[in-house]
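Biologist: Hi! Could you walk me through this one? I'm new to reading structures.

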Amino acid sequence: ALERTLSIIKPDAVAKNVIGEIYTRFEKNGLKVVASKMKQLSKQEAEGFYAVHRERPFFNALVEFMISGPVMIQVLEGEGAVLKNRDLMGATNPKDAAPGTIRADFADSIDANAVHGSDSLENAAIEVAYFFPATDVYAR
Ligand code: CMP
C-alpha cells in the first residue's frame, strides 16, 4: 500500500555533507520526498519526539546528540514506505548494518547512526504529525 514515513538525517550525517547522497538513495528506491525541512531541535522537541525511550539508559545521550546540530527532517511517500526506508537504513547499530545500507556507509556508532526512520505505520503517522502540519505535506 502507499504509505508515508518520517525520516530524519541526524546531526552526524548533516555535518558529513551527505544529505544529497541519502536523498538519492530514497529517490532511486521509489520513495518521494513529500515534505522537508532543516531544523535545530530544542531539547524539549527532541525529548518529546523520543518520549517512548524516556526510561531507556541511552535517553539523555540520544537527546544531547540530536540537539548537537541541525537535522534534516522529511516525509517519504511510496509503496511500503515504512519498511522500505528501514531496509535502506540498515540495522540501528552500524556494526550490524548490511553492506550498502545508509548506516553501513555513513554511520559511526549506535548513537551517531546517521538516520532515523519510523518503525511502524502507526508511529509514522504520529511522527509525521509531530513535525509537519498536514498542509505542509504535498501529495505527489
Ligand atoms: P533511532 O532510530 O533514532 O531511535 C532511537 C535511537 O536511540 C536509535 O536510533 C539509536 O541512535 C539510539 N540508541 C542508542 N543506544 C541504543 C540502544 N542500545 N538501542 C537502541 N537504540 C539506541
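Biologist: Let's start with a helix. Which residues are buried in H7?

Modeller: Happy to help! One thing to keep in mind is that this is a predicted model. In H7, the buried residues are Ala124, Glu127, Val128 and Phe131. Seen down the axis of H7, these buried residues fall within an arc of 100 degrees, so they line one face of the helix.

Biologist: Why would residues with a gap between their numbers point the same way?

Modeller: An α-helix has 3.6 residues a turn, so residues three or four places apart point the same way.

Biologist: Nice. And which residues are exposed on the other side of H7?

Modeller: Those are Glu122, Ala125, Ile126 and Ala129.

Biologist: What do the buried residues of H7 pack against?

Modeller: Quite a list! There are the strands S1 (2-9), S2 (32-39), S3 (71-79) and S4. Helices H3 (43-49) and H5 (81-89) are also packing partners of those residues.

Biologist: Back to Glu127 for a second. Which side chains does it make polar contacts with?

Modeller: One of them is the side chain of His116, with a polar contact of 3.0 Å. Another is the side chain of Ser118, where the polar contact is 2.7 Å.

Biologist: Where does Ser118 sit?

Modeller: Ser118 is in the loop between S4 and helix H7 (121-131). Ser118 counts as buried because its relative accessibility is 0%, and buried means under 20%. The side chain of Ser118 also has a polar contact of 3.5 Å with the side chain of Thr5. Leaving out residues up to four places away in sequence, Ser118 touches Thr5, Leu6, Val82, Arg86, Asn123, Ala124 and Glu127.

Biologist: OK, what about His116: buried or exposed?

Modeller: His116 has a relative accessible area of 11%, so it is buried. His116 is part of strand S4. Among the residues that His116 touches are Leu6, Lys10, Tyr50, Arg103 and Glu127.

Biologist: What does UniProt say about His116?

Modeller: An unreviewed UniProt entry gives His116 the annotation "active site". Such annotations may be inferred rather than shown by experiment.

Biologist: I can see a ligand too. Which residues surround the ligand?

Modeller: His116 is one of them. The others are Lys10, Tyr50, His53, Phe58, Leu62, Thr92, Arg103, Ile110, Asp111 and Asn113.

Biologist: Which polar atoms lie by the ligand's oxygen atoms, and at what distances?

Modeller: A polar side-chain atom of Tyr50 is 2.5 Å from an oxygen atom of the ligand. For Lys10, a polar side-chain atom lies 2.7 Å from a ligand oxygen atom. With Ile110 the backbone is involved: one of its polar backbone atoms is 2.6 Å from an oxygen atom of the ligand.

Biologist: How much of the ligand's accessible area does the protein cover?

Modeller: The ligand has 450 Å² of accessible area on its own, and the protein covers 79% of that.

Biologist: Leu62 was in your ligand list. Which residues of helix H4 are buried?

Modeller: In H4, which runs over residues 59-66, the buried ones are Phe59, Leu62, Val63, Phe65 and Met66. They cover an arc of only 165 degrees around the axis, so they are on the same side of H4. Their cover includes S1, H1, H3 and S3.

Biologist: Changing topic: which residues have a positive phi without being a glycine?

Modeller: Asn17 is one, with a phi of about 65 degrees. Ala114 is another, at about 75 degrees.

Biologist: Where are they?

Modeller: Both are in loops. Asn17 is between helix H1 (11-15) and helix H2 (19-28), while Ala114 is between helix H6 (102-106) and strand S4 (115-117). Asn17 counts as exposed because its relative accessibility is 68%. Ala114 counts as buried because its relative accessibility is 0%.

Biologist: Last one! Which domain does UniProt list, and where?

Modeller: The unreviewed entry places "domain: Nucleoside diphosphate kinase-like" at residues 2-139. Over residues 2-139, the chain is 40% helix and 20% strand. The end C-alpha atoms of that stretch are 11 Å apart.

Notes. Residues numbered from 1 in each chain as written. Predicted model: local features only at pLDDT ≥ 70, side-chain atom pairs only at ≥ 80, totals over all residues. Heavy atoms only, no water. Helix = DSSP H or I, 4+ residues; strand = E, 2+ residues; numbered from the N terminus. Buried < 20%, exposed > 50% of the residue type's maximum accessible area, 1.4 Å probe, protein only. Polar contact = N/O pair within 3.5 Å; in protein donor to acceptor, adjacent residues only side chain to side chain. Contact = heavy atoms within 4.5 Å. Near = heavy atom within 4 Å. Areas by Shrake-Rupley, 256 points an atom, 1.4 Å probe, with all protein chains shown as cover. Arc of directions from axis to C-beta.
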